[in-house]
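Please examine the model shown here, with attention to its charged side-chain pairs.

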Amino acid sequence: MRRVENYMKLFIPALSINEGLSRNAVASFVAGLNPTIDELSDIKCAVSEAVTNSIVHGYKYTQGIIYIGVKYYSDRTVIIEVTDKGCGIENVNQAMAPLYTTDTSGERSGMGFAVMQSFMDKLSVRSRPGEGVRILMTKHLK
C-alpha cells in the first residue's frame, strides 16, 4: 500500500511574475525524489501551464490566489494540485480541446491542457463557472 512520504502547500498571488516561482518551488520539492532531468522538466512545464492558465484565464479581470499542493508517495507517484477561485470554465471538455482558447487577442495558442496532458501521466480538470478550477496532475517517476 502506498503512503504519503511528503507534501507541500503554496499559496501565491495570481501574478505573472509568480509563474516561475511556482514552477521552481514544485521542482525543488520533487527533486528530493531524484527524478530524471526529463521527468523534472515535464513537471516544471505542466505546473507552468496550469499556473499560467489560472493567471491569464481564471483571474483575467481580477486579482486572486493560486493554491498549489504537491504530494509524493512511497511508490514515487507525484500528485500536483493547482486550484484557483477565478471565473471557472463553462465547458471543460471544450476547453481541453487542442487549439481552443477564450483569448480573443490572438496571443494564446489554446494548447495549455494539451501540454499538461502530454507531460503528465494523468490530468483531471474540474470546474464550475464562477467557482474556479481544480487541476490534478499525476506523474509516476521511474
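The following exchange concerns salt bridges, accessibility and position along the chain.

Reader: On what basis are residues numbered and features reported?

Author: Residues are numbered from 1 along each chain as its sequence is written. This is a predicted model, in which local features need pLDDT of at least 70, side-chain atom pairs count only at pLDDT 80 or more, and totals for chains, interfaces and linings use all residues, while side-chain values use heavy atoms, with hydrogens and water left out.

Reader: How many salt bridges does the structure hold?

Author: A salt bridge is a side-chain nitrogen of Lys or Arg within 4 Å of a carboxyl oxygen of Asp or Glu. The number of salt bridges in the structure is five.

Reader: Which parts of the chain does the salt bridge between Arg2 and Asp75 tie together, and how far apart in sequence are they?

Author: The closest N and O atoms of Arg2 and Asp75 are 3.9 Å apart. Strands here are DSSP runs of E with at least two residues, and helices are runs of H or I with at least four, numbered from the N terminus. Arg2 lies in the segment before strand 1 (4-13) and Asp75 in the loop between strand 2 (65-73) and strand 3 (77-84), so the parts joined are separated in sequence by 73 residues.

Reader: Is Glu19, the salt-bridge partner of Arg23, buried or exposed?

Author: Arg23 and Glu19 both belong to helix 1 (residues 18-30), four residues apart, about one turn of the helix, and their side chains meet at 2.6 Å, N to O. Buried means under 20% relative accessible area, exposed over 50%, and partly exposed in between (1.4 Å probe, protein chains only). Arg23, at 25%, is partly exposed. Glu19 has a relative accessible area of 16%, and therefore counts as buried.

Reader: Which residue forms a salt bridge with Lys139, and in which helix does that partner lie?

Author: The closest N and O atoms of the pair are 3.0 Å apart, and the partner is Asp42. The pair links distant parts of the chain, 97 residues apart, with Lys139 in strand 5 (residues 132-140) and Asp42 in helix 2 (residues 37-58). Lys139 is buried at 8% relative accessibility. Asp42 is buried as well, at 17%, and the helix that holds Asp42 is helix 2.

Reader: How far apart in space are Asn93 and Gly69?

Author: Asn93 lies in helix 3 (residues 92-95) and is exposed, with a relative accessible area of 65%. In sequence, Asn93 and Gly69 are 24 residues apart, and their C-alpha to C-alpha distance in space is 24 Å.
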